[in-house]
Amino acid sequence: MSSPSEDQGLGFSDGTTLAEVLGLLAEGAQDEEPVAGWTHNFYRYPARFSPTFVAAAIEHFSSPGQIVLDPYMGGGTVIVESLVRGRKVVGNDLNSLATFITKVKTTPLDDGEIRAAQRWADRLVPKFTYRTKRRGIAAYLDAQGTRNLTLPRARFVKKAIGVALRTIDHLPTRNAQDFARCAVLRVGQWALDGRGQHTPLKDFRKKLQATTHEMLEALISFSKHVKLQGGSAIILNHDASTLDQLSCLGDAKSRPSLVLTSPPYPGVHVLYHRWQVDGRHETPAPYWIAGCVDGQGEAYYTFGCRKQSAADSYFFKSLRTLKAIRRVIRDDGYMIQMVAFNKPEEQLPRYLENMRVAGFVEVRVGALNASSNEARIWRRVPRRKWHAELKGNTNGANEVVLVHRPS
Ligand SMILES: C[S@@+](CC[C@H](N)C(=O)[O-])C[C@H]1O[C@@H](n2cnc3c(N)ncnc32)[C@H](O)[C@@H]1O
């Protein structure tokens, strides 16, 4: 394991050079395997990180017991991978859905809660029926949250989810209820988001039962491992530009030595907050199922603003958050980001200028691999369903890894 203390700015205390470590990071960044392992598949958060890349960055740029921060954590890949490596991790996102998912992925259940979730999956889920009177589930069919679920393919799934949400209320604790909600969320995503076919009730029930058991197994093994390694997490739901005002990051001892993150992407529209039914009708159903507040439209989650040009708004808001990150990161820390651009030649220089103004200097070491003179790690995005791609614009699929240190 490398310690992050550099030797004359070129190497690590265990003898590894910075170039070698960046090479390992590059290998991780090229990972094209579907996301898997631990609790990662509790939900398919859009534009999520490769756990292999995240693991490489955590292992080489931090040590057990040190603090890792992901200010835009999304589905919590960094949080999960930090916990199993015994790091103290702070995860933040202004999307309440991201906070919900990451909490469920990282909150252990006790034996009673596990048994209650198993009973729910084995006894109640197989009995879900459409014969449940509408009146009986009316309170669970929030009109706003179920928008666009009247479409033919979605109507019955909506009813099945309404029935599921009613049964969840009988689980004994908030943690057990949130866990079951997350199982419904995952199966709801499978049944509704971009699925071009009708889902019969029997398939929905079968999938929900199997998914709940898989998730329980994953959570039990994850929790045991985290306990053994001594990892701990704080999960927050704030605008990242206010991070420096939070007491958990405020004093010298709680400053992160590694900020590992992927921010919203300039010019690339990712639907963090909607599912698409029948290919194009957007629904806020994930918030309805998770019981979270969905305050805002797409601009809210992507550094956008209706009153400003998209690019100006993006770089203005991005700079505010980068300055807040600079105020909390340790002076000897690292910031590693994966950022995607749809016009890298215009946007990358602006992004790097923001980093400089915020108080960071880029770390680059010669050419990282023999086949390229490019001293940054680039990759084409594998298997991602992005809004931009659905609109026929595939330029957004270029990602770069940026390594910075406080200047
Ligand atoms: C590219 S995603 C992160 C995905 C994450 N790396 C994962 O593995 O799932 C970017 C995230 O930034 C969040 N975000 C956007 N603006 C934000 C802000 N001002 N403060 C905090 N989070 C923000 C979005 O809600 C979204 O979840």
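**Notebook: pockets, a cavity and one threonine**

I began with the second largest pocket and asked which element gives most to its lining: α12 supplies the largest share, 4 residues. I note that I am working on a predicted model.

**The second largest pocket**

I looked up its volume next. The second largest pocket holds about 540 Å³ of space. I then listed its walls. The lining of this pocket takes in 39 residues. Nearest the centre I found Leu94, Pro264, Tyr300, Tyr301 and Thr302. α12 spans residues 298-301. I also checked α13, residues 310-328; like α12, α13 gives at least two residues to the lining. I sorted the lining by type. I got 18 nonpolar, 13 polar and 8 charged residues.

**The whole chain**

I stepped back to the protein chain. The chain has 407 residues, and 56% of them count as buried. I found 15 helices and 12 strands in the chain. I looked at contacts between residues with a separation of 6 or more. Of these contacts, 76% join residues 24 or more positions apart. I looked up the surface as well. The chain exposes about 17,800 Å², and carbon and sulfur atoms supply 49% of that area.

**Thr146**

I picked one residue to follow. Where does Thr146 sit? I found Thr146 in the loop between α6 (134-137) and α7 (152-168). Is Thr146 buried or exposed? Thr146 counts as buried because its relative accessibility is 5%, and the cut-off for buried is under 20%. I then looked at what surrounds this residue. A polar atom of the Thr146 side chain lies 2.8 Å from the backbone oxygen of Asp142. I set aside the neighbours within four places in sequence. Thr146 is then in contact with Leu141, Lys158, Thr283 and Trp288.

**The cavity**

I turned to enclosed space last. How many cavities of 30 Å³ or more does the structure hold? I counted 1. The largest cavity has about 60 Å³ of space. There are 11 residues lining this cavity, and Val363, Ala375, Arg376, Val401 and Val403 are the closest to its centre. Which strand gives the largest share of the lining? I found that strand β12, residues 398-406, does so with 3 residues. I sorted this lining by type too. It divides into 8 nonpolar and 3 charged residues, with no polar ones.

Definitions and conventions: Residues are numbered from 1 along each chain as its sequence is written. This is a predicted model: local features need pLDDT of at least 70, side-chain atom pairs count only at pLDDT 80 or more; totals for chains, interfaces and linings use all residues. Side-chain values use heavy atoms; hydrogens and water are left out. Buried means under 20% relative accessible area, exposed over 50%, partly exposed in between (1.4 Å probe, protein chains only). Contact means heavy atoms within 4.5 Å. Accessible areas come from the Shrake-Rupley method with a 1.4 Å probe; for residues, only the protein chains shown count as cover. On a 1 Å grid over the protein atoms alone, a cavity is a set of points where a 1.4 Å probe fits but cannot get out, and a pocket is an open set with protein on both sides within 12 Å along at least five of seven lines; lining residues have an atom within 4 Å of a point. Grid points are joined across faces, edges and corners, and a volume is the space filled by probe spheres set on the points. Ala, Val, Leu, Ile, Met, Phe, Trp, Tyr, Cys and Pro count as nonpolar, Asp, Glu, Lys and Arg as charged, and the others, Gly among them, as polar. A polar contact is a pair of N or O atoms within 3.5 Å; within protein, one must be able to donate a hydrogen and the other to accept it, and residues adjacent in sequence count only if both atoms are side-chain atoms.
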